[in-house]
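Got a few minutes to walk through a structure together? Here it is.

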Amino acid sequence: MTTEAAISIQGLTKDFAIGLRGTRLRAVDNLSLHIGQGQIFGLLGPNGSGKSTTIKLILDLLQPTAGKCLIFGVSHDLAESRRTVGYLPESPYFHRYLTGRELVGFHAGLAGLSGGQLARRVDEVIARFGLSNAADRRVGSYSKGMLQRAGLAQALVHDPRLVILDEPAAGMDPAGVEEISTMLLQLKAEGRTVVMVSHLLGQMEEVCDRMAILNHGRLVWEGTRADLAGASGRQALVVDELSMEHLGDLRQWLEQRGSTLRGVGQPALKLAEIFRRHTAVAETRRRF
Amino acid sequence: MSFFSFCPRRAGLIARVTLLEAMRQRLPQILLLGAAGLAVGVQGLRGINFGLPELKFIADLGFGGMVFFGSILTIFSGSHLFYSEIYGRSAVTVLAKPVSRTEFLAGKFIGMMGVAALFSVVMTVVIAFVLYTRESTLMQERPELFEHGGRLRYGDIFAAGFAYGLRFGVLAAFTLMIASHVRSSLYAVMASFGVLLICDLQYLAQEAYAHTGTTPLRLLAGLIALLFPDFQVFNLADLAGAEDGIQAEQLWRVTGYGLCYIAAAGALAVFSFKRREI
């Protein structure tokens, strides 16, 4: 197993020229990141913070003003570097006159598959993302959720080592978000590296091994899930049916051991949890 | 940089999808029907042949319709097929695969050429069929017209159709060159029609200035002749009815001329598209 980074970015900077005077807008500012293999890496940040621009720079869809980027040690401006990459863009749009099967087959061919291997992989990913019944319909007639699934199918059809997902759960219901989370963990279990851009902080926190926050194109924080847990230096206990008398005992017990009980409250169920609980009955309904 | 990275198979896949997408749209079908309808219906216009021999009139009007509708088809469908990828962002997904921009553009161009070639083949076959039908009728009705020969050479009809197809290829390459550089599809369409006009009419400037004009005008005419192909070169239909017909050497020269301009426009398109931010 090599220790080579899946993505290695050094001093990446991107300026856009705006207006007739060519005023410069810095979208990504001296960004350096090393994303190790086999992990789920989350890229967070407010709108306009440079997340999607960073992804486009990695994929050579935009040319950097400065800096360099390597994908598994290969310079990102070589088409060859993308042989091992699967990419799902934000709000994917495809050739609407193709059928789902033609579309996935087309992308498999572009990634280098051919013959029986291509046909087998296309069938596999179409089945994996629940598109079998719609595979021979034109993509133009697909719903947003089905487009998202077709996007995932084309991203994974060539069995990539690195999967880059830009807002994979955008516009999905909580069941769909949960399904995406499950898929991300599955991809990781298969040994793939996943880079995900999302605004769904809860999902990021749940599945990502490492996260980075961008703001105004700059890296303002980078760390692991463990770093998040330890960041406050506090712990929380959730206890069922604790009487006032026992609460007093607990406070005293903690003080005897040098700790302080800072607050007592009643944690509410998360809305997402209630939503899932009440909609879970629809086991067989269409998820996306 | 991946400027020279090229895999014919990937370009072929993009060309196939481009052609498939074009064929499933309405515009090419409507234009093809319109042009074929004109070629077939031209027999009804025999009364207004301006004194031309009937078969020549039919061929002129048929090929004229082919050039008119084919040029519209090449510019509109070429521009649409390129910008639908950019505006629709499907190019993002394609270029995120191990596809170089050269392959992408080559695929687009071959797909556009496929549309033009299909149009040219169908139109040439329709024109040849109409000519053959009318010629057979005339041979029975007025055999004296053919006493001294004068039968049509159908090989020349197809050679003329090939030359017009090549002309559409040159126009497609110029359309792609413009589209790869500018961001507005409307501007690309307008500019492509401008190029078509210059290419079609530049022979007038050549005749007017190349020999008799002042030095600056001669230089300008020379520059235009160098930068823009002269589309009259592709008009071999007139030779199809001439005594000697179309010579193989002429066809090779026209093919070489067209391919040179396609290569030059294609290289400029790649150069421009390489720097384009998707």
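What follows is a chat between a visitor and a guide.

Visitor: Before we start, what kind of model is this, and what share of chain A is buried?
Guide: It's a predicted model, so take every value as computed. Chain A has nine helices and ten strands. Of its 288 residues, the buried share comes to 43%.

Visitor: In what order do the four strands of the open sheet in chain A sit?
Guide: Start with β1(A), residues 7-18, which runs antiparallel to β2(A) and is joined to it by nine bridges. β1(A) also pairs with β4(A), antiparallel again, through five bridges. β4(A) in turn pairs with β5(A) over two bridges. Put together, the order is β2-β1-β4-β5.

Visitor: Which strands of that sheet stand at the edges?
Guide: The order to keep in mind is β2-β1-β4-β5. An edge strand here has a single partner, so one side of it is left without a neighbour in the sheet. In chain A that describes β2 (23-35) and β5 (74-75).

Visitor: Which helix packs on the sheet, and what angle does its direction make with that of β1(A)?
Guide: The helix is α1 of chain A, residues 51-58, and it touches β1, β2 and β4 (66-71). Its direction makes an angle with that of β1(A) of about 115°.

Visitor: I'd like to find the register. Which residue in β2(A) is the bridge partner of A:Asp15, and which in β4(A) is that of A:Ile9?
Guide: Both pairings are antiparallel: β1(A) with β2(A), and β1(A) with β4(A). On the β2(A) side, A:Asp15 bridges to A:Arg26. On the β4(A) side, the partner of A:Ile9 is A:Cys69.

Visitor: Which residue in the β4(A)-β5(A) turn has a positive phi?
Guide: β4(A) and β5(A) form a hairpin, with two residues between the strands. A:Leu70 has A:Ser75 in β5(A) as its bridge partner. In the turn, the residue with a positive phi, about 45°, is A:Phe72.

Visitor: Is A:Leu165 buried or exposed?
Guide: This residue is found in strand β7 (162-166) of chain A. Leaving aside neighbours within four places in sequence, its contacts include A:Leu88, A:Leu152, A:Met183 and A:Val194. A:Val194 is 29 residues away in sequence, yet the C-alpha atoms are 7.5 Å apart. With a relative accessible area of 0%, against a cut-off of under 20%, A:Leu165 is buried.

Visitor: Which helix gives the most to the largest nonpolar core?
Guide: That core has 150 residues, and those touching the most other members include A:Ile7, A:Leu184 and B:Phe104. Leaving aside close sequence neighbours (within four places), B:Phe104 is in contact with B:Ile14, B:Phe82 and B:Phe273, among others. The top contributor, with 16 residues, is a helix of chain B spanning 154-181, namely α6.

Visitor: How much area is buried between chain A and chain B?
Guide: Here 36 residues of chain A are in contact with 31 of chain B. A:Leu61, A:Tyr97 and A:Leu110 supply 23% of what chain A buries against chain B, more than any other three residues. Carbon and sulfur atoms give 57% of the total, which is about 3000 Å².

Visitor: Which residue of chain A forms a salt bridge with B:Glu277?
Guide: The count between the two chains, A and B, is two salt bridges. In the one with B:Glu277, the closest N and O atoms are 2.3 Å apart. The partner is A:Lys14.

Key. Residues numbered from 1 in each chain as written. Chains lettered and ligands numbered in written order. Predicted model: local features only at pLDDT ≥ 70, side-chain atom pairs only at ≥ 80, totals over all residues. Heavy atoms only, no water. Pairing = 2+ DSSP bridges. Contact = heavy atoms within 4.5 Å. Axes fitted to C-alpha atoms, helices over the stretch in contact; angles between N-to-C directions. Core = buried A, V, L, I, M, F, W, Y, C linked by side-chain atoms within 4.5 Å. Buried < 20%, exposed > 50% of the residue type's maximum accessible area, 1.4 Å probe, protein only. Buried area = accessible area lost by both parts, 1.4 Å probe. Salt bridge = Lys/Arg side-chain N within 4 Å of Asp/Glu carboxyl O.
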